[in-house]
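Reader: Hi! I'm new to reading protein structures. Could you walk me through this one?

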There are 2 protein chains.
Amino acid sequence: MDRRSQILTIAGHLFSQRGYHATSMRELARHLNLQGGSLYAHIQSKEELLLEVVRQAAERFQKVLEELPSGDPVTRMKALVKGHLRVIAEELPRATVFFHEWKHLSPPLLEEAKALRRRYEEGVQEVIREGVEKGVFQVENPRLATLFVLSALNWTYQWYRPDGPLSLEELSEQYAKLVLRALGVREGGEDGEA
Amino acid sequence: MDRRSQILTIAGHLFSQRGYHATSMRELARHLNLQGGSLYAHIQSKEELLLEVVRQAAERFQKVLEELPSGDPVTRMKALVKGHLRVIAEELPRATVFFHEWKHLSPPLLEEAKALRRRYEEGVQEVIREGVEKGVFQVENPRLATLFVLSALNWTYQWYRPDGPLSLEELSEQYAKLVLRALGVREGGEDGEA
């Protein structure tokens, strides 16, 4: 890992564990065995670092959307649930920053973070909207359904640990079932018969 | 409001906005127009303050469970969704601390916070379990379904604002519908026909 990637990884850990405001550049340097000043050879500011961690997380989530199989809405939604939960499981600190610490950015960096989050939300909403259009999902308000689904998925960062009793595979499968039901997919219709 | 309630309210705001670690007693005193030292006439420590805010939030959530109507599981779950969302809307800073900042407590205070959170989760799980027993909810794993439902509801603290375009009433109604579907309640069976 190059120095910059290392800095971003440690920053993600500290921001997610102690909070952005409570993490000082001095502490970050200490974790990296660097002199405080030499950090600035690699990064401009603590805030730029926060945005960069948000960007990395956004990229991982965006990739889930890009790699969704084409085809029926049920298959796509299952893959989305699984992919989203996988990012959280594999990138817990960065995902935490993407979900929570981004708020501490100030304009104009804040706007970029919001745009990245919005882009992902809109991608998820698009998957739901397609399903509605094809008559597979029954949803009154796709925007609210999107928030509902993302909420249910995002919160796993609070309690899910890949080394716990529930495998990522099992969690994904059960959550996908609950999500599809919430979206109005009839039981037994889950394998794309629509 | 007495002095102690004031302190707790302001502490809840600061902890939820800046994070627990980033909030100093000095800053808290400044917001209260107090000398730093005189805070300690009212409270023992910053950590005790954090736990107290968690306790206040826990009490509000617990009251939702205590005041659920008796009767059919669908009615109870609708009331639970509405009550839970109302606490978040009315007590956003405290709810944020209950959802997020409690993690910064250390033992033994951490154990009390965990126990309060667990008690509420178990209460919600009990409502779901009852619904399953009565054949109204179809759920494989009530524990996971509880986490799913609470996740979907809790995350609203991130985006819902009572002065936004969506009334609490509308949000509650639509979310209750999504929750009931996820729990396997058939459309049209939502008024408790079971």
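Author: Happy to; we'll go from the overall fold to some helix contacts, then to the record and the two chains. Keep in mind that this is a predicted model.

Reader: Thanks! How many helices and strands does chain A have?

Author: Chain A has nine helices and zero strands. Following the sequence, the pattern reads α-α-α-α-α-α-α-α-α. The C-alpha trace of chain A spans about 60 × 40 × 25 Å along its principal axes.

Reader: Cool. At what angle do H3(A) and H6(A) pack?

Author: H3(A), residues 46-66, and H6(A), residues 109-133, pack at about 10°, and their axes are 10 Å apart. The two helices are therefore roughly parallel to each other, since angles under 35 degrees count that way. Their crossing is left-handed.

Reader: Which residues make that contact?

Author: From H3(A), they include Leu51(A), Val54(A), Ala58(A), Phe61(A) and Leu65(A). H6(A) contributes, among them, Leu109(A), Leu116(A), Tyr120(A), Gly123(A) and Val127(A). By class, the contact of H3(A) with H6(A) divides into 11 nonpolar, two polar and five charged residues.

Reader: And H3(A) with H5(A): roughly parallel or roughly perpendicular?

Author: Here the axes of H3(A) and H5(A), residues 92-99, cross at roughly 105° and come within 8 Å. H3(A) and H5(A) are therefore roughly perpendicular to each other. On the H3(A) side, the contact residues include Leu50(A), Val53(A), Val54(A) and Phe61(A). On the H5(A) side, Val97(A), Phe98(A) and Phe99(A) are among them. This contact of H3(A) with H5(A) has 10 nonpolar residues, one polar and one charged.

Reader: Switching topic: where does UniProt place the "DNA-binding region" in chain A?

Author: An unreviewed UniProt entry puts that feature at residues 24-43 of chain A. In the model, this span is 35% helix and 0% strand, with its end C-alpha atoms 14 Å apart. UniProt, again in an unreviewed entry, also lists "domain: HTH tetR-type" for residues 1-61 of chain A.

Reader: How much of residues 1-61 is helix?

Author: Over residues 1-61, chain A is 64% helix and 0% strand. The end C-alpha atoms of that stretch are 21 Å apart.

Reader: Last one! What rotation superposes chain B on chain A?

Author: A rotation of 180° does, with 0.0 Å of shift along its axis and an RMSD of 0.0 Å. That is the relation of a two-fold axis. Both copies use the same surface, and 100% of the contact residues of chain B recur in chain A.

Methods: Residues are numbered from 1 along each chain as its sequence is written. Chains are lettered from A and ligands numbered from 1 in the order in which they are written. This is a predicted model: local features need pLDDT of at least 70, side-chain atom pairs count only at pLDDT 80 or more; totals for chains, interfaces and linings use all residues. Side-chain values use heavy atoms; hydrogens and water are left out. Axes are lines fitted to C-alpha atoms, for helices over the stretch in contact, and angles run from 0 to 180 degrees between N-to-C directions. Helices (H or I, at least four residues) and strands (E, at least two) are DSSP runs, numbered from the N terminus. Angles under 35 degrees count as roughly parallel, over 145 as roughly antiparallel, 65 to 115 as roughly perpendicular and the rest as oblique. A crossing is left-handed if the near helix is turned anticlockwise from the far one by less than a right angle, and right-handed if clockwise. Contact means heavy atoms within 4.5 Å. Ala, Val, Leu, Ile, Met, Phe, Trp, Tyr, Cys and Pro count as nonpolar, Asp, Glu, Lys and Arg as charged, and the others, Gly among them, as polar. Copies are superposed by least squares on the C-alpha atoms of residues with pLDDT of at least 70 in both. UniProt positions are given in the numbering used here, feature names are shortened, and annotations may be inferred rather than shown by experiment.
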